[in-house]
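Reader: I would like to go through this model with you, asking at each step how a label was earned.

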Amino acid sequence: MSRSRSVQLTSSPLLASKTPVWRSKLIVAAMALGFLGLVGRAVHVQVVDNDFFLRQGEVRFARTLELPANRGRVLDRNGVLLASSVPAPSIWANPEDMERDPVKLRQLARLLEMTPAELDHKLKDEEKTFVWLRRQMDEPVVKEIRALGIKGVYDIKEYKRLYPEGEAAAHIVGFTNVEDKGQEGVELIFQKQLAGQAGSRRVIKDRLGRVVEAVGETVHPVDGKDLQLSIDSKVQFYAYQTLRDAVKAHKAKAGSVVVLDAQTGEILALANYPSYSPSRRVNLSGEQLRNRALTDSFEPGSTMKPFTVALALEQGLVKPETMIQTAPGRINITGSTISDVHTYGLLSVSEVIQKSSNVGTVKIAMQMEPREMWEMFTELGFGQKPALPFPGVVSGRVRPYKSWRPVEQATMSYGYGVSGSLFQVARAYTVFARDGEIVPATMMKAEQPAQGTRVITTANAKAMRKMLQMAAGPGGTGQKAQTIGYSVGGKSGTARKQEGKGYASKKYRGFFVGIAPIEQPRIVVAVMIDEPSNGVYYGGAVAAPVFSQTVQQTLRLMGVQPDMAVKPQIVAQAVEESF
């Protein structure tokens, strides 16, 4: 058998031919060279010049995962939460590797609060490996989604902000977006402090996005710092509630209220209406988002009269008992007539403030130089941007005194031709509450009384408080500002709204700004009602009651003891002021 095989093999001409030795050696050498080339290439790729390939591998499979920092809380002065973060998982999918069970997808769409068509639209591109389905969901709903067990649907840990005080504190606290970045209010102003510093973790992922292993060191996140404001959440709530009710009752366009601690300069409340819910920001309008107390500039009207009189006292031009003739109820200044609502006749300086006489105020103002009035207004902060970090804070306007005409000096004495925000007016009234010093305001909790700047003497500040008490008492224009159990003083104001180059005939703003208690003032409260249209529009009628209720609630919460008879005294006469 072996002999027959040999015959068969040697019978092949190809095998029978003799192969040259050099050819065999050439083939072996070529194979050896090829092998050496592969070895060399492998050494080059893996040892000598591997940076390029390492980078390509990292691009395809290495990922840096962000480890989010916990955002700091926003607290009121008593430690009550105004904003905090809670876990809110987000749902994402890998369309390339997703299970397409129609029944499960319908259940998923229901839990995601979208239609099956909307879900299908998100998942239609099957070449994608990542798509958000819904951000920041409630944990119980996410558990139901997990229970569906749909391949390719995952959840990731995220946080969302909660705002327990809702619309009452919205204009102070503001809100964050879905990426947890501040967009309005304190959340925006103190973004860096609240956000902290995110950490990171380097990992290797497979083609389905699953973490295979961690590589490198983990950088741990640094949580954001808590922020404690000067706001008292209870005062804020009562102020907002009272303001909202007044705006609705008077069918007004809007309103604002500011409450300051007269001793420390802390802002205890700053409320606006209309407002919005920071947690449900759907179809928001500019009207809702505007922090009117800080961003709206207007002519303050008769609330400026006390500053004019205080300057005259400071210069020794008048005393509280100095008599001013206001008859016949009007005065002509270089061809322009300025009038009072009533003809009051002979009034003392104190009664000029009590009755809110334009004529009396103008006669006092025209005894002074424009420069002196300008200096007084600027010392009080008008025309200067408040030292608050809120975006959109206005500075108001006080024109250079060298350009004042006599009639302009006259109208500025009772609040026309000068402008400011409600916050600026409230802060200016601290000059009366702090015995002649104006106090810097702050939104942060302060441990010590603020260092004030002297504007008028203590004696003149006390004299002005007596006048303001008369203005808010029987026979004054602000009788409805009287508060059960507490002495108050303040000034009402009514101003026509500017429209184009002139004034609207039937659009007004009503104001009341005052302090309480009178002998030892603790707070300054300023109220503005914009365009009341339910029959009354005078500040003493629409804004003074808001002042009264806010003062009563605030002093009670501060633990200030009542200092007067319980029942306010209101005489039966129209509450009107000149404007």
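Author: This is a predicted model, and a sheet is a good place to begin. Strands β7, β3, β2 and β12 form, in that order, an open sheet of four strands with mixed pairing.

Reader: What makes β7 and β12 the edge strands?

Author: Each of them, β7 at residues 159-162 and β12 at 227-228, pairs on one side only.

Reader: How do you know that β2 and β3 are paired?

Author: Pairing requires at least two bridges between the strands, and two bridges join β2 (residues 74-75) to β3 (residues 81-87), so the requirement is met. The two strands run antiparallel, and leucine 75 has leucine 81 of β3 as its bridge partner.

Reader: Why is leucine 119 called buried?

Author: Its relative accessibility is 3%, and buried means under 20%, so leucine 119 falls within that class. Leucine 119 belongs to helix α6, residues 116-123.

Reader: Which residues is leucine 119 in contact with, leaving aside neighbours within four places in sequence?

Author: With those neighbours set aside, leucine 119 is in contact with Leu105, Leu108, Ala109, Leu112, Met114 and Leu133, where contact means heavy atoms within 4.5 Å. For alanine 109, which is ten residues away in sequence, the C-alpha to C-alpha separation from leucine 119 is 6.1 Å.

Reader: How do you know that the buried residues of α7 line one face of the helix?

Author: The buried residues of α7 (residues 139-148) are Val142, Ile145 and Leu148. Viewed down the axis of α7, these buried residues fall within an arc of 105 degrees, and therefore they line one face. An α-helix has 3.6 residues a turn, so residues three or four places apart point the same way. The face turned away from the buried side of α7 carries Pro140, Lys143 and Ala147, which are exposed.

Reader: What do the buried residues of α7 pack against, and what follows just after the helix?

Author: They pack against β4 (90-93), α5 (102-111) and β6 (153-156). Just after α7 comes glycine 149, with a positive phi of about 65 degrees.

Reader: What can be said of the second largest pocket and its lining?

Author: The second largest pocket holds about 520 Å³ of space. Its lining has 24 residues, and those closest to the centre are Glu299, Tyr416, Gly417, Gln498 and Tyr503. By class, the lining residues comprise eight nonpolar, ten polar and six charged. At least two lining residues come from each of β17 (336-339), α18 (406-412), β21 (489-499) and β22 (502-516).

How values were computed:
Residues numbered from 1 in each chain as written. Predicted model: local features only at pLDDT ≥ 70, side-chain atom pairs only at ≥ 80, totals over all residues. Heavy atoms only, no water. 1 Å grid on protein atoms, 1.4 Å probe; cavity = no way out; pocket = protein on both sides within 12 Å on 5 of 7 lines; lining within 4 Å. Points joined across faces, edges and corners; volume = space filled by probe spheres on them. Nonpolar A, V, L, I, M, F, W, Y, C, P; charged D, E, K, R; others polar. Buried < 20%, exposed > 50% of the residue type's maximum accessible area, 1.4 Å probe, protein only. Arc of directions from axis to C-beta.
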